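Work through the exercises below with the sequence and the model in view. Each task is followed by a solution in steps.

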Amino acid sequence: MRNLWIVVAALALWQATGAPAGFEDLAAPQPADERGIALDGTSRITCSECHADIVAEWATTLHARAWVDEAFREELADVRRQESCHNCHIPEPLHLAVGADGALPQKPKPRDATPHDAPLPDVDAHFGVSCETCHRGPEGTILGPYGAKSAAHVSVKHASFLPESNSALCIACHATTVGPVIGIAKGFADVEPAANGLSCVGCHMAPVQRPAAEQAGKPAFPARSGRSHALQTPRDPTFLARAFQITVERRADDVVVRVANACGHRVPGRLGRTFALEATLLDGDDQVLATARHTIESKRTLPADGAIEMTLHGAGALVRGAVVHLVGVHESPALPDESRFLDRRFPLP
């Protein structure tokens, strides 16, 4: 399972005020590794006949590759009870396992586990977290945010895709702690981020305006608001930077760099992932006056509402032209190299 990150807020120069930055400006994901290559065989998925653009976006994600991803396969070999990972890497349609209270399962049942290099039928384990995982409903219905008449299938508007409850689908898997994965959605639910307008979908799926489907090469519906299925993740350095709100202030002769969690859940979301931060106070000639370091990792997580402070001691705060240079480096067992996600200078007043 790859953790979805629910990440909001822009970097702030001084004390933060106002609401977190929106996500209308999100660029296409640019992950720091090469695993964004589209999954093969997606033309066999029936959904692609009318939803080719959406399937093409999904095919570049680790949801699509959840069963065949090389990093997952390597880690799975070291897990004693490998079947405990199948639930979220090849889940059955979530809406077919709704409880008596109407709630989605907190750990879905797995589909049959086929070898990751097996021949491809229309839909099998090869496709990991598939279209049907989220959108298939009872009796062959397809669930979504609108519902519309269609000759292809019955399309039904469902609460799981509406703003007030659209994190529930993600929480079904991402509240589970198993193997190297930390169930960060538990913390997300605990801090009630919806009250602040935050959701998994709101941060990880950029807003788009387009027809939901095409038939015979033409739009089947007018363009309307939707979400990109090319998921934003911490593998993308630009997106990862939004997980943290940075403020810099002077306290007497010291300079304090405060790094606050602005994403609604604790970080990091997996064992072995680290965010190494280094703050350096420089004078007007770029000479080092003071340095402070902190590493956020699985044994020193940053809680959903938490913050750390790095203090740069000394009279350097009074030097004309002094700046704070903040660098953040992301390391993960699933990344081939370390990735720099922060490289910012904060001038002092």
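Two strands count as paired if DSSP finds at least two bridges between them. The model is a predicted one.

**Exercise 1. The open sheet**

Task: Determine the order of the 4 strands in the open sheet and name the edge strands.

Solution.
- Step 1. The order of the 4 strands is 10-9-12-13, and their pairing is antiparallel.
- Step 2. Strand 10 and strand 13 each have a single partner strand, so they stand at the edges, with one side of each lacking a neighbour in the sheet.
- Step 3. On average, neighbouring strands of this sheet are turned by 15 degrees against each other, direction ignored.

**Exercise 2. Pairing within the sheet**

Task: State over how many bridges strand 12 pairs with strand 13, and find the bridge partner of Val327. Then do the corresponding work for strand 9 and strand 10.

Solution.
- Step 1. Strand 12 and strand 13 are antiparallel and pair over 8 bridges.
- Step 2. Val327 has Asp343, in strand 13, as its bridge partner.
- Step 3. Strand 9 pairs with strand 10 over 8 bridges, in the antiparallel sense.
- Step 4. In this pairing, Leu277 is opposite His294 of strand 10.
- Step 5. The hairpin of strand 9 and strand 10 has 5 residues between the strands, and Asp286 in this hairpin takes a positive phi near 65 degrees.

**Exercise 3. The nonpolar cores**

Task: Identify the residues of the largest nonpolar core that touch the most other members, and say which element gives the largest share.

Solution.
- Step 1. This core has 29 residues, and those touching the most other members are Phe244, Val257, Met310, Leu312 and Val324.
- Step 2. Elements that give two or more residues to the core include helix 8 (237–241), strand 7 (244–251), strand 8 (254–261) and strand 11 (307–312). Strands 9, 10, 12 and 13 are also among them.
- Step 3. Strand 9 provides the largest share, 4 residues.
- Step 4. Leaving aside residues up to four places away in sequence, Met310 touches Val255, Val256, Val257, Val259, Leu277, Ala279, Ala292, Arg293, His294 and Leu326.
- Step 5. There is also a second, separate core of 16 residues, with Val55, Trp58, Ala64 and Trp67 among them.

**Exercise 4. Aromatic pairs**

Task: Count the aromatic pairs in the whole structure. Classify the pair of Trp58 and Phe127 and the pair of Phe275 and Phe341.

Solution.
- Step 1. The whole structure contains 5 aromatic pairs.
- Step 2. For Trp58 and Phe127, the ring centres are 6.4 Å apart and the planes stand at 55 degrees, so this pair is tilted.
- Step 3. Trp58 belongs to helix 1 and Phe127 to the loop between helix 3 (83–89) and helix 4 (131–135), so the pair ties together parts 69 residues apart in sequence. Both Trp58 and Phe127 are buried.
- Step 4. Phe275 and Phe341 form an edge-to-face pair, at 5.8 Å centre to centre with 75 degrees between the planes.
- Step 5. Phe275 is in strand 9 and Phe341 is in strand 13, so this pair ties together parts that are 66 residues apart in sequence.
- Step 6. Buried means under 20% relative accessible area. Phe275 has 0% and is therefore buried; Phe341, at 8%, is buried as well.
- Step 7. Ring pairs join Phe244, Phe275 and Phe341 into a cluster.

**Exercise 5. Residues outside the helices and strands**

Task: Locate Asp69, Ala213 and Leu348. Is Asp69 buried or exposed?

Solution.
- Step 1. Asp69 sits in the loop between helix 1 (52–58) and helix 2 (70–76). Its relative accessibility is 3%, so Asp69 counts as buried.
- Step 2. The Asp69 side chain reaches the backbone nitrogen of Ala71 at 3.4 Å.
- Step 3. Ala213 is in the loop between strand 3 (207–210) and strand 4 (214–215), and at 6% relative accessibility Ala213 counts as buried.
- Step 4. From C-alpha to C-alpha, Ala213 and Cys50 are 5.1 Å apart in space, with their places 163 residues apart in sequence given as the separation. Contacts of Ala213 include Cys50, His51 and Phe221.
- Step 5. Leu348 lies in the segment after strand 13 and, at 13% relative accessibility, counts as buried.
- Step 6. Leu348 and Val323 are 25 residues apart in sequence, and their C-alpha atoms are 5.5 Å apart in space.

How values were computed
Residues are numbered from 1 along each chain as its sequence is written. This is a predicted model: local features need pLDDT of at least 70, side-chain atom pairs count only at pLDDT 80 or more; totals for chains, interfaces and linings use all residues. Side-chain values use heavy atoms; hydrogens and water are left out. A nonpolar core is a set of buried Ala, Val, Leu, Ile, Met, Phe, Trp, Tyr and Cys residues joined through side-chain atoms within 4.5 Å. Buried means under 20% relative accessible area, exposed over 50%, partly exposed in between (1.4 Å probe, protein chains only). Contact means heavy atoms within 4.5 Å. A polar contact is a pair of N or O atoms within 3.5 Å; within protein, one must be able to donate a hydrogen and the other to accept it, and residues adjacent in sequence count only if both atoms are side-chain atoms. Axes are lines fitted to C-alpha atoms, for helices over the stretch in contact, and angles run from 0 to 180 degrees between N-to-C directions. Rings of Phe, Tyr and Trp (its six-membered ring) pair if their centres lie within 6.5 Å; planes under 30 degrees apart count as stacked, over 60 as edge-to-face and the rest as tilted.
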